[in-house]
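Hi everyone, thanks for coming. I'd like to walk you through one structure today, so let's put it up on the screen.

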Protein chains: 2
Amino acid sequence: MSELEKYIKTYFGVSNDDLSKISSYFKPVTLKKNDYFLKEGRYCDKLGFVQRGIIREYVLIGDKEVTKWISTSGYFVVDLSSFVFHQTARWNIQALTDCELYVIDQKDYQQIGKVVTRWTELEKLFIAKCFTVLEDRVLTHLSMTAEERYNQLFNFNKELFNQVPLQYLASMLGMTPETLSRLRKKAAG
Amino acid sequence: MSELEKYIKTYFGVSNDDLSKISSYFKPVTLKKNDYFLKEGRYCDKLGFVQRGIIREYVLIGDKEVTKWISTSGYFVVDLSSFVFHQTARWNIQALTDCELYVIDQKDYQQIGKVVTRWTELEKLFIAKCFTVLEDRVLTHLSMTAEERYNQLFNFNKELFNQVPLQYLASMLGMTPETLSRLRKKAAG
DNA sequence: AGTTGGTCTTGACAAAAATCAAGAAGTTTA
DNA sequence: TAAACTTCTTGATTTTTGTCAAGACCAACT
């Protein structure tokens, strides 16, 4: 069973039958380091699942890249506003390392709904879960200092700090690279 | 046609038939100023639509109230993680003024799905829309200063600053009341 | 009218974080 | 291997924001 299937099974609790139907629509895709899964302004007509590697989602604001999220193994990558509402994409989605993805295009995605009865329900639950995660993230910015946000992320996933350029983590945490560097030093004691 | 029906119609583009089915499940409820629609730790078994009045969603972190959102006419109020996943609620949802809501309880909510074919699809679209709004909100904290966040909100909804205690707006914007006060003075020039 | 309680503002100061600049360390490229 | 890049760190400094304390303002209540 692939990581994708494990993920879907664990998360959604679908039958093995539905599981194989769903996963059969996903096709393996590899990205080389620095390749783009999606570029701002295009239409996002596919959904990716990260099997291996690291992917960054960012947007250019003025002359600065703002990193919204770093996806590692087990995460989906997509521009939801584009995928669901057929608007132009807001995010650049770029491989930070060589990556293996499972990707489904929009046409196949819509097919799932015709084959798996509960699909729209599962979609709803998944997006609702993502929503609550984002709610928490907003709250960290309303109630925590840069130092607290750094410590939280570091405790949640230390490995990330070895695998991802720190400037991107700094941006994702809402601070400058210099501040992140100093907080690291401080936390290391 | 009520505000609720207008909202549903505008937003989801359902037929008049479906619209009346959906709205018939919502019941008018009034809240007095300071009444709670929901308290942290309880289960959120209802969804509310704000017809009139102002409602604050906040959470107690340590000894501080952190205001996540202020809902005015046209907004839904709910603790999504509780309503969808049947977990204990994370938010306190309290009326800042006397309010008129349209409220649907969970049992009736589930009935809609049996009566309106596209219901789960509509739910999905609605939650997806909420998700993209939250994405933007996260981005404001990654890329904007307190001053810029204040100006953005003020330009978006000046009225709010006359209707809502400023301390709550400050919290929602991720700054102290003192900072908000100074930014107001500065912007007024 | 006076008191009380809550809210907002202001000032002085402290802390946090950003900016600017330089240099160290590590990679990639030629 | 050396040169060129890029990334990260560090120091000095400025700016932004938070904290604490006091007072102004306003509304509600007695």
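Before we start, one definition: when I say contact, I mean heavy atoms within 4.5 Å. And please keep in mind that this is a predicted model.

Let's begin with helix α4 of chain A, residues 106-115. Which of its residues are buried? They are Gln106(A), Tyr109(A) and Ile112(A). These three cover an arc of only 105° around the axis, which puts them on the same side of α4(A). As a reminder, an α-helix has 3.6 residues a turn, so residues three or four places apart point the same way. Now look at the face turned away from that buried side: there you find Lys107(A) and Lys114(A), both exposed.

What covers the buried residues of α4(A)? The elements in contact with them include the helices α2 (16-24), α3 (80-85) and α5 (119-143), along with the strands β3 (46-52) and β8 (99-105), all of chain A. At the start of α4(A) there is also a nice detail: a side-chain oxygen of Asp105(A) comes within 3.1 Å of the backbone nitrogen of Lys107(A).

Two of those covering strands, β3 and β8 of chain A, take us to the sheet. It is an open sheet of four strands in the order β1-β8-β3-β6 of chain A, and the pairing is antiparallel. At its edges stand β1 (27-31) and β6 (76-77) of chain A; each has a single partner strand, so one side of each is left without a neighbour in the sheet. Between β1(A) and β8(A) there are five bridges, and Lys27(A) has Val103(A) in β8(A) as its bridge partner.

Now over to the DNA. There are 15 residues around DNA strand C, and those that come nearest are Ala146(A) and Thr179(A) from one chain, with Leu166(B), Arg182(B) and Lys185(B) from the other. Which element gives the most to this surface? That is α9(B), with five residues. By character, the surface divides into six charged, five polar and four nonpolar residues.

Which part of the strand faces the protein? Of the strand C atoms within 4 Å of the protein, 67% belong to sugar or phosphate, and the rest to bases. On the phosphate side, the side chain of Thr176(A) places an N or O atom 3.2 Å from a phosphate oxygen, while a polar backbone atom of Gln167(B) is 3.3 Å from a phosphate oxygen. For the bases, a polar side-chain atom of Glu178(A) lies 3.3 Å from a base nitrogen.

That's my tour, and I'm happy to take questions.

Methods. Residues are numbered from 1 along each chain as its sequence is written. Chains are lettered from A and ligands numbered from 1 in the order in which they are written. This is a predicted model: local features need pLDDT of at least 70, side-chain atom pairs count only at pLDDT 80 or more; totals for chains, interfaces and linings use all residues. Side-chain values use heavy atoms; hydrogens and water are left out. A residue is near a molecule or strand if one of its heavy atoms lies within 4 Å of it. A polar contact is a pair of N or O atoms within 3.5 Å; within protein, one must be able to donate a hydrogen and the other to accept it, and residues adjacent in sequence count only if both atoms are side-chain atoms. Helices (H or I, at least four residues) and strands (E, at least two) are DSSP runs, numbered from the N terminus. Ala, Val, Leu, Ile, Met, Phe, Trp, Tyr, Cys and Pro count as nonpolar, Asp, Glu, Lys and Arg as charged, and the others, Gly among them, as polar. Buried means under 20% relative accessible area, exposed over 50%, partly exposed in between (1.4 Å probe, protein chains only). The arc is that of the directions from the helix axis to the C-beta atoms. Two strands pair if DSSP finds at least two bridges between them.
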